[in-house]
Amino acid sequence: MSSRTAIQDTPAILGGGAQNTAQAEQDHSASRMAGQNPVLETLNPNTSVRPATDHGVVVPVWYSFDLASRRVQEGGWTHQVTQRELPSSKDIAGVTMRLTAGSFRELHWHQADEWALMLKGNARITVYSPDNTMFVDDVEEGDLWIFPAGYPHSIQGTGADGCEFLLVFNQALFSEESTFLLSDWLMHTPPDLLARNLGLDEATIAKLPKGDPLYIFPGDAPTQTLDQDRAEIEQRTAGKPTQKFTFKAYAMKPTYTTPHGEVRIIDESIFPASKKICVGMSTIKPGGLREMHWHPQASEWQFWVKGKGRMTVFDAEGNARTMDFNPNDVGYVPRMAGHYIENTGDEDILLLEMFADPHFADISLRQWLRALPANVAMAHTNFSKEDLDKIAYKNTVIS
Ligand code: MN
Ligand code: MN
């Protein structure tokens, strides 16, 4: 038997990076002679020595916010993982952002819908609707918000140390650098026109910010409570907002709870403002498995909030790829591609499965096999009826 065969194709070593690594360490064929990046090698053991079941070429399924260039300015920072950084992701782009206490992400709007999860800290948000209502709310860790495309909004860091949050957009080439900024438009409008439009004199218009657009800038903490803000706004608008643009995700009762984890599915059916983007939020305990499945409706863009694991993506024609994931990493699964996620660490994984679609849908391999007439399942697997009966048919999502 050739050593190539021993590493890649021997059934005895199927089934895991750890086993393969142990095998490969004993095999001179996997040895290295020239340089390597020891940090990446340590983070990606299943790339250095792939599981024997991996094969062929799969599109990029991994990136990390820790590789994305951070724009830092007084008041906070931002960076993004879009189709430019992860070319396989054609439906979704992501941004993470930090605002220190009192600092603002400037009033702006954009072409994509914005879905957000507050990762740490606190903020006060505003979003204005075409029906002349203003929605204002305070958000904390585990809260979501939706800002529909074209609806202008602001975010202000509050509390002791402001906040850090994830934004997800249903436009793969979205860029935080090309949003419609209030200060940018005002700087590119003649002062006399601004005076006429706002009913102010030009001396007052001269107070407006000059130079670069504000984008992120320091400010003072809100002086009013949320209720005071709301009461003040109601007098100048069409009244109370008709829609709620925030949602308490971490406080939600799980959609599925199993001994090995839980899943919260948050789509339009329970968060009506979430019309274009939805999430399956999975907690996978150590040793747990997000079961083999695929999604018929859309590609999957993942954000790893915490924990350590590995995902294998099967993309037909014998192609399968395994990658290792850590907090702040982004995962990608092409539409229809089969995949599963194993917790390889000592802590819970908290993982967001994001879709540019109003509804979450998945197909469980295990449930599908059990939903078939037994003779069909038996013909495809060589399992006996008794074997099949041992396979659970309840949807547990995580086992
Ligand atoms: Mn925005
Ligand atoms: Mn999935």
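A salt bridge, as the term is used in this talk, is a side-chain nitrogen of Lys or Arg within 4 Å of a carboxyl oxygen of Asp or Glu. Good morning, colleagues. The structure shown above is a predicted model, and I shall begin with the way its domains meet.

The domain assignment divides the protein chain into domain 1 (7–53), domain 2 (68–247) and domain 3 (253–389). I shall concentrate on domain 1 and domain 3. Here, 10 residues of domain 1 are in contact with seven residues of domain 3. Together the two domains bury about 620 Å², and carbon and sulfur atoms give 34% of that area. On the side of domain 1, the trio Leu43, Asn46 and Thr47 accounts for 56% of what this domain buries against domain 3, more than any other three residues.

How many salt bridges cross the interface of domain 1 and domain 3? By the rule I began with, there are zero. Polar contacts, however, are found there: three residue pairs across the interface qualify, with both residues at pLDDT 80 or more. As for secondary structure, helix 2 (17–25) and helix 4 (45–48) each supply at least two residues of the side of domain 1 that touches domain 3. Helix 4 has the largest share, with three residues. By residue class, that side of domain 1 comprises four nonpolar, six polar and no charged residues. A salt bridge requires Lys or Arg on one side and Asp or Glu on the other, so a side of domain 1 with no charged residues offers neither partner.

Elsewhere the picture changes. The rule counts 21 salt bridges in the model. One of interest joins the side chains of Glu177 and Arg71, at 2.7 Å from N to O. Arg71 belongs to strand 2 (residues 71–73), whereas Glu177 sits in the loop between strand 9 (153–169) and strand 10 (180–181), 106 residues away along the chain.

That loop between strand 9 and strand 10 also holds Leu173. Apart from neighbours within four places in sequence, Leu173 is in contact with Gln83 and Arg84.

I close with the metal site. Which residues coordinate the manganese ion (ligand 2)? The donors are His293 (NE2), His295 (NE2), Glu300 (OE), His339 (NE2) and Glu353 (OE), at 2.1 to 2.6 Å. Their spacing in sequence reads H-x1-H-x4-E-x38-H-x13-E. Two of these donors, His293 in strand 16 (residues 289–294) and Glu353 in strand 22 (residues 349–355), lie 60 residues apart and link distant parts of the chain.

Thank you for your attention.

Note on methods: Residues numbered from 1 in each chain as written. Chains lettered and ligands numbered in written order. Predicted model: local features only at pLDDT ≥ 70, side-chain atom pairs only at ≥ 80, totals over all residues. Heavy atoms only, no water. Domains from an automatic or database assignment. Contact = heavy atoms within 4.5 Å. Buried area = accessible area lost by both parts, 1.4 Å probe. Polar contact = N/O pair within 3.5 Å; in protein donor to acceptor, adjacent residues only side chain to side chain. Helix = DSSP H or I, 4+ residues; strand = E, 2+ residues; numbered from the N terminus. Nonpolar A, V, L, I, M, F, W, Y, C, P; charged D, E, K, R; others polar. Donors = N, O, S within 2.8 Å, 3.2 Å for Na, K, Ca; no water.
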